Amino acid sequence: MTTEEDQGASALPARLRELPSRLLSQASAHAARLVTEGLSGADARKWHYATLVALDEFGPASQAALSGRTDIHRSDLVAVINELAARELVERTPDPADRRRNVITLTTAGRRRLRKLEQLLAAAQEELLSPLSAPEREQLVDLLGRLVAHHAHGGPTMGADDR
């Protein structure tokens with residue numbers, strides 16, 4: 001005889017198993033766990049990656065611009081930049097146009113670090129999406145992108161500590 005605990009997910013009511021918000025939540029939790037584990041093995045966090053990739057893609061930027069490009073709240077971004085600067089992955093210099101503002105620049109070491117983090121994230125993405133074919137992966141990314149764009153609230157809502 002099977003206990004309720006032994007039945008696991010198959011014992012869930014169909015309305016729960018098929019609820020899109022629940023499925024997204026479960027997939028998101030699994031994805032976050034994979035990314036966190038992958039990056040933590042390299043003593044990094046997702047906000048480190050976000051900051052490095054924004055600098056690599058868009059070039060040097062003020063902290064305010066980086067906040068907008070990464071969705072990291074400005075006050076939390078300061079801590080992220082401090083961590084990256086201490087590791088010599090970014091440089092913080094006064095803006096020649098406005099000495100009250102800092103410009104953040106990716107260093108050569110930062111570019112190397114970014115490439116390493118991209119390899120780790122690629123492995124996490126591969127593990128996450130392993131049940132899907134290449135066309136299904138593209139379709140999933142498209143559909144999720146559309147959902148996110150539709151529900152965007154225009155501005156950073158989550159701090160570097162994910163709250």
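What share of the 163 residues in the protein do buried residues make up? They make up 25%. The model is predicted, and the legends below take it view by view.

**Figure 1. Overall fold of the predicted model, with eight helices and three strands.** From the N terminus on, the elements run α-α-α-α-β-α-α-β-β-α-α. Among contacts with a separation of 6 or more, 57% join residues 24 or more positions apart. The accessible surface comes to about 10,900 Å². Carbon and sulfur atoms hold 54% of that surface.

**Figure 2. Helix 6 and its buried face.** Helix 6 covers residues 74–86 and has 13 residues. At 1.5 Å a residue, helix 6 should span 18 Å. Its end C-alpha atoms are 18 Å apart, in agreement with that span. The buried residues of helix 6 are Leu77, Val80, Ile81 and Leu84. Seen down the helix axis, these residues fall within an arc of 100°, so they line one face of the helix. Their cover includes helix 4 and helix 5 (63–70). Strand 2 (90–95) and strand 3 (98–106) are also part of that cover. Just after helix 6, Glu88 takes a positive phi of about 60°.

**Figure 3. Surroundings of Ile81 in helix 6.** Ile81 has a relative accessibility of 0% and counts as buried. Which residues does Ile81 touch, not counting those up to four places away in sequence? They are Gln63, Leu66, Val90, Arg92 and Ile104. Ile104 is 23 residues from Ile81 in sequence. Their C-alpha atoms are 8.2 Å apart in space.

**Figure 4. Contacts of Thr70 in helix 5.** Is Thr70 buried or exposed? Thr70 counts as buried, at 8% relative accessibility. Leaving aside residues up to four places away in sequence, Thr70 touches Trp47, Ala50, Thr51 and Ala54.

**Figure 5. A salt bridge between helix 4 and helix 7.** The side chains of Asp56 and Arg111 meet in a salt bridge, at 3.7 Å from N to O. Asp56 lies in helix 4 (residues 46–58) and Arg111 in helix 7 (residues 108–129), so the pair ties together parts 55 residues apart in sequence. Asp56 is partly exposed, with a relative accessible area of 27%. Arg111 counts as partly exposed too, at 36%.

**Figure 6. The salt bridge of Asp95 and Arg101.** The side chains of this pair meet at 2.4 Å, N to O. Asp95 is buried, with a relative accessible area of 8%. That value is under the 20% cut-off for a buried residue. Arg101 is partly exposed, at 40%.

**Figure 7. A salt bridge within helix 8, and a network elsewhere.** Asp142 forms a salt bridge with Arg146. The closest N and O atoms of this pair are 3.8 Å apart. Where do Asp142 and Arg146 lie? Both are in helix 8 (residues 134–151). They are four residues apart, about one turn of the helix. Asp142 counts as partly exposed, at 42% relative accessibility. Arg146 is exposed, with a relative accessible area of 54%. Salt bridges that share partners also join Asp56, Arg111, Arg115 and Glu118 into one network. A search of the whole structure finds nine salt bridges.

**Figure 8. A nonpolar surface patch made by four leucines.** Which residues make the patch? Leu24, Leu140, Leu144 and Leu147 make it. The patch has an area of about 290 Å². Helix 8 gives the largest share, three residues. Leu24 lies in helix 3 (residues 20–40). At 39% relative accessibility, Leu24 counts as partly exposed.

Key. Residues numbered from 1 in each chain as written. Predicted model: local features only at pLDDT ≥ 70, side-chain atom pairs only at ≥ 80, totals over all residues. Heavy atoms only, no water. Helix = DSSP H or I, 4+ residues; strand = E, 2+ residues; numbered from the N terminus. Buried < 20%, exposed > 50% of the residue type's maximum accessible area, 1.4 Å probe, protein only. Expected span 1.5 Å × (residues − 1). Arc of directions from axis to C-beta. Contact = heavy atoms within 4.5 Å. Patch = residues over 30% accessible without salt bridge, like charges linked within 9 Å, V, L, I, M, F, W, Y side chains within 5 Å. Areas by Shrake-Rupley, 256 points an atom, 1.4 Å probe, with all protein chains shown as cover.
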